[in-house]
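These notebook entries record what I looked up in the structure shown below. I took one site or element at a time.

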Amino acid sequence: MNRLSLFILLTMAMVCHAQDNLRLNDLEYFERQGVNVLVYSNSFNGGFNDEKNSGIEIIHHGVRTVQGGAVRLNNTPEQWDLVPTMTSRKVNRENGSIEVGLRYNDYDFDSRLVVTAKGKAVEIAVWLDKPVPEKLAGEAGLNIELLPSQYWLKTYQIDGRLGRFPRYATSLTTTRPNSEKPRQFKGFKTYDDRGTNRFVDPLPLETGHSLTVATDAPDRMIRITSDDVELKLFDGRMLAQNGWYVVRSVLPAGKTGKVMTWTIEPNAIPDWIREPNIGFSQVGYTPDQPKVAVIELDKHDPVQTGSASLLRLNPDGTTTEVYKAEVKPWGPYYKYNYVKFDFTHVRKSGVYSIQYGNTRTNDFLIDEHVYDKITDATTDVWVPIHMNHMYVTEGYRTWHGEPFKEGYLQAPESDHFDLHRQGATTDTKYKPLELIPGLNIGGFFDAGDFDIETGSNINVVQNFIRTWELFHPQRDETFVSQEQRYVELHRPDGKPDIMQFIEHGMLNLVAQAEQIGHMASTLSNSVLDNYHHLGDAASITDGLHYDPSLKPYEVSADGKSSGTPDDMWAFTTRNPSLDLQAAGVFYSAARVLRGYNDTLAERAQKQADRLTKEARELMNGARFRRDRQAEADNDWLTGTGDGNYRNVARNLQTMLDSIPLKDATYREKLRPMVRQYAEYIKSFDTQNPYGVPIGLGNWAGVNAVLNFGITVNYAHIYFPDIVSKDEVYRVANWLFGCHPYHNYSFVAAVGAARPKQVFYGNNRADFSFIPGNVAPGLLFRKPDHFENYDDWPFLWGQNEGTIAGNTQYIIFGSSFKNIIGTF
Ligand SMILES: [Ca+2]
Ligand SMILES: [Ca+2]
Ligand SMILES: [Ca+2]
């Protein structure tokens, strides 16, 4: 061996060795191939406290399986347990460490975490300048959380003893006096202690100093060791279905300085490369539409030229390669690299799959009729299940009994866990906690919870009215009896379902206007311990009127009231702009309901007139929504608006909606704006590989995607020469599987081949879905990770569906089908 080759070999050995170690990268996280360790790239925020998205996180072979690394005050913190505020974050490149300051204001308690790369591991040290406050001694500890669905049934080893992560929560608990429980968010209580004055505290599954998790799965294996403190392994699901497994060490009392240290070494599979994610429409494609798969590639995965092909699955069981083409590079987008495979040329009706390298997709259809049924699950199943104040049944299954029979009480002055507020005055004739009659009728559950958000319910009725007026869908698959308070799925009753949904929404909204005098901001839970309810909505409250003269849990002699303060509250602080918004919808509803339910139409008309008049007086000459819109409208038509894309996007839909009401010159005047919008549509082709607006917020961006889709559809319907039919498929592709992370359809049960399997519906504890739900979609985690769990439903930001969003989907789907010609 000559000197040069020796030099090369040594250099290679050093490079390989360096690649084996975790290093701090330019995006300020620790990285080696297959492992990312994030240190407060995402910090805790107080919105709903503890969204399982923050602190020290590990993205392990492409999946974010560990998070929540922080000083916490509970063995297994729940949502609404206190989270620390990050007071500082310092990246020290010289010694490869990240230091964060954490603070609990409620306890005047500060700590620092210093995370340092040490070869293949990170060391986490907790530093204290002052000892743990006396009140938190034995409670404050370093916690980190492991995703149950990625660890259950896998083995672990602790100080040589073996165990297996339980599939279901079955470990031991104890109870302790409430006085020992660290304060929860704003002083709320997540639990009903049934008068015992004690809280439940989980006991550890195991304790020791060296823990290896997933000894049987190299992609999930992690070793956690500590010489100076004891590690405890808990199951957070003992208190809450959305809990994770927790590894925890209690901070030593009375100490300052570096008080404890952990070493965490996530295993990395050598030369691991993530399998390509071939994004395509699981619903399939019509023969004449553009068909482009987007393939998401690991940055270590070289692009394989000429290797994508379309396979046809023949009726005799054989497979034929019918098309082969070079993939076209799109380039990097956040952490992955993207190429596209265009198979538009294939038009023949049939069953196909896509092959790229060694990856082959499941099958999908090319056929004239693939989109025929895309809204059916939403209209026939998701919407009726969310009808409040009704008994809802389907075949042998009862989805829920009649909820909230005792009605709603006037909310007293309060701050609220679901971000509502009741001001110092009620703005009504009712005293705090007095029953407001007549509100337990109609309306729709907000989302994965069971309250009536008035703003959302107004949107819902508006979306149904729009759908009705544009398409007059006569579909009748739902039996609705307001008299019996009974809904049955898949039983036609001779009335179009959409009209019945409009009626159901209006029954609650009009009752609010009549009984309260104006619109409530929300009808919601009074206590946190039934807000997180999972199960039959009829069992959220006891159905008995709350009587404070009775003791808690005591029932009156006549069986009609109880001392349990579980009745729902109406939040009634007056908001004239909400009243105006409601009035607008009441006018449209009166128009639509006339001839169908004349009494309700008259009530809506009467309340609309009154609310409009009173709101204008209250707003005292302030400009109205409608006037502002007219002004914006005028700006556009006269060319004085600022003309940026954002404004085009916001205003165009309103104007497109006005076209049928105005003369032909109006439509012509919109042309320049639609041309600008056509450029805006194309601009997404360079912004990301998927050609739709991708949101980066804490709630993934499906609402923006749906709005975009609806506007593109209408721009095409009215201006096909400017916005071509090819553009309308963008959003359908995205929703039905052509997106990052995985290629499952975001619409529950829709996507003939592979819809997502779990959603954050009110049945999420069953790891299930409510058909027709639309997930928020791809949740962005800073600095470069998109995610949509399909084995863990409990992250609302990626898996919840809302009543406003899902009815928006009905408009998108209806207009889309109208264009495709399958309505
Ligand atoms: Ca809600
Ligand atoms: Ca019906
Ligand atoms: Ca009650």
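**The calcium site**

I began with the calcium ion (ligand 3), which is coordinated by Glu406 (OE), Asp542 (OD), Leu544 (O), Asp566 (OD) and Asp567 (OD), at 2.3 to 2.4 Å. I note that the model is a predicted one. Along the chain, the donors of this calcium ion (ligand 3) follow the spacing E-x135-D-x1-L-x21-D-D. I then placed two of the donors: Glu406 is in the loop between strand 31 (397-400) and strand 32 (408-410), and Asp566 is in the loop between strand 41 (561-562) and strand 42 (568-571), so the pair ties together parts 160 residues apart in sequence. I found both Glu406 and Asp566 to be buried.

**Arg220**

I next looked up Arg220, in the loop between strand 16 (210-213) and strand 17 (222-225). Which side chain of opposite charge is nearest to Arg220? I found Asp219, 4.0 Å away; Arg220 is buried yet has no salt bridge. A polar atom of the Arg220 side chain does lie 3.0 Å from the backbone oxygen of His60. Leaving aside residues up to four places away in sequence, I listed the residues that Arg220 touches, among them His61, Gln150, Tyr151 and Lys154.

**Pro660 and helix 13**

I found Pro660 in the loop between helix 10 (645-658) and helix 11 (664-669). Pro660 is exposed, with a relative accessible area of 55%. Its C-alpha atom is separated by 10.0 Å from that of Tyr718, 58 residues apart along the chain.

Last, I checked helix 13 (residues 702-718), whose 17 residues reach 24 Å from first C-alpha to last, close to the 24 Å expected at 1.5 Å a residue. Helix 13 is mostly covered, with 13 of its 17 residues buried.

Definitions and conventions: Residues are numbered from 1 along each chain as its sequence is written. Chains are lettered from A and ligands numbered from 1 in the order in which they are written. This is a predicted model: local features need pLDDT of at least 70, side-chain atom pairs count only at pLDDT 80 or more; totals for chains, interfaces and linings use all residues. Side-chain values use heavy atoms; hydrogens and water are left out. Helices (H or I, at least four residues) and strands (E, at least two) are DSSP runs, numbered from the N terminus. Buried means under 20% relative accessible area, exposed over 50%, partly exposed in between (1.4 Å probe, protein chains only). Lys and Arg count as positive and Asp and Glu as negative; His and the chain ends are not counted. A polar contact is a pair of N or O atoms within 3.5 Å; within protein, one must be able to donate a hydrogen and the other to accept it, and residues adjacent in sequence count only if both atoms are side-chain atoms. Contact means heavy atoms within 4.5 Å. The expected span of a helix is 1.5 Å times one less than its number of residues. Donors are N, O and S atoms within 2.8 Å of the metal (3.2 Å for Na, K and Ca); water is not among the atoms, so sites may look incomplete.
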